[in-house]
Amino acid sequence: MQKIVDLIVEELFKRFDAEAKAMNEEFIHELPSNEEQIKELNLLLKYYEKTEDYKRAANVFATIKRLKENI
């Protein structure tokens, strides 16, 4: 009886592993590229500068700089 349970559990974990790998691969393809992130962050930066929220603008600028260094 224990052997049957072990086999069932093993098969379940194999399925879970295969499904997780497929989901991870799908998720990776949906992530925006650095260039796309930079474009969106530039828009956010302009908004923060317009609203004079310079602390957030500085944080966004630092993020843009890090992304540009990774390209």
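In this predicted model, a salt bridge joins Glu-11 to Lys-14, with the closest N and O atoms 3.6 Å apart. Both residues sit in helix 1, three residues apart, which is about one turn of the helix. Lys-14 has another partner too: Glu-10 forms a salt bridge with Lys-14, and here the closest N and O atoms are 3.6 Å apart. Glu-10 and Lys-14 are four residues apart in helix 1, again about one turn. Put together, Glu-10, Glu-11 and Lys-14 make up a linked network of salt bridges.

How open are these charged residues to the outside? Glu-10 has a relative accessible area of 43%, so it counts as partly exposed. Glu-11 falls in that class as well, at 42%. Lys-14, the residue that bridges to both, is partly exposed at 47% relative accessibility. Exposed would mean over 50%, and buried under 20%, so the values for Glu-10, Glu-11 and Lys-14 fall between those two limits.

A little further along helix 1 comes another pair. The side chains of Asp-17 and Lys-21 meet in a salt bridge, at 3.5 Å from N to O. These two are separated by about one helical turn, because they stand four residues apart in helix 1. Asp-17 is partly exposed, with 41% relative accessibility, whereas Lys-21 reaches 55% and so counts as exposed. The structure holds four salt bridges, among them the ones just described: Glu-10 with Lys-14, Glu-11 with Lys-14, and Asp-17 with Lys-21.

Charge is one side of the story for helix 1; nonpolar surface is another. Met-1, Ile-4, Val-5, Ile-8, Val-9, Leu-12, Phe-13 and Phe-16 come together as a nonpolar patch on the surface, and their accessible area adds up to about 820 Å². One of these, Phe-13, is found in helix 1, which runs over residues 2–30. Phe-13 is exposed, since its relative accessible area is 56% and the cut-off for exposed is over 50%. Met-23 also lies in helix 1, and at 57% relative accessible area it too is exposed. To get a feel for distances here, Met-23 can be set against Gln-2: they are 21 residues apart in sequence, and their C-alpha atoms are 31 Å apart in space.

Next comes helix 2, residues 34–50. It has 17 residues and reaches 24 Å from its first C-alpha to its last, close to the 24 Å expected at 1.5 Å a residue. Which residues of helix 2 are buried? They are Ile-38, Leu-41, Leu-45 and Tyr-48. Around the helix axis they cover an arc of only 80°, and therefore they sit on the same side of helix 2. The face turned away from that buried side carries exposed residues, namely Lys-39, Glu-40, Leu-43, Lys-46 and Lys-50. As for what covers the buried residues of helix 2, helix 3 is included.

Between helix 2 and helix 3 there is a loop, and Glu-52 has its place there. Most residues other than glycine have a negative phi. Glu-52 is not a glycine, yet its phi is positive, at about 60°. With 57% relative accessibility, Glu-52 counts as exposed.

Helix 3 spans residues 54–69, 16 residues in total, and reaches 22 Å from first C-alpha to last, close to the 22 Å expected at 1.5 Å a residue. Its buried residues include Ala-57, Val-60, Ile-64 and Leu-67. Viewed down the axis of helix 3, the buried residues fall within an arc of 85°, so they line one face of the helix. On the face turned away from this buried side, helix 3 carries the exposed residues Tyr-54, Lys-55 and Glu-69.

And what do the buried residues of helix 3 pack against? They pack against helix 2, just as helix 3 is part of what covers the buried residues of helix 2.

Terms used: Residues numbered from 1 in each chain as written. Predicted model: local features only at pLDDT ≥ 70, side-chain atom pairs only at ≥ 80, totals over all residues. Heavy atoms only, no water. Patch = residues over 30% accessible without salt bridge, like charges linked within 9 Å, V, L, I, M, F, W, Y side chains within 5 Å. Areas by Shrake-Rupley, 256 points an atom, 1.4 Å probe, with all protein chains shown as cover. Buried < 20%, exposed > 50% of the residue type's maximum accessible area, 1.4 Å probe, protein only. Expected span 1.5 Å × (residues − 1). Arc of directions from axis to C-beta. Contact = heavy atoms within 4.5 Å.
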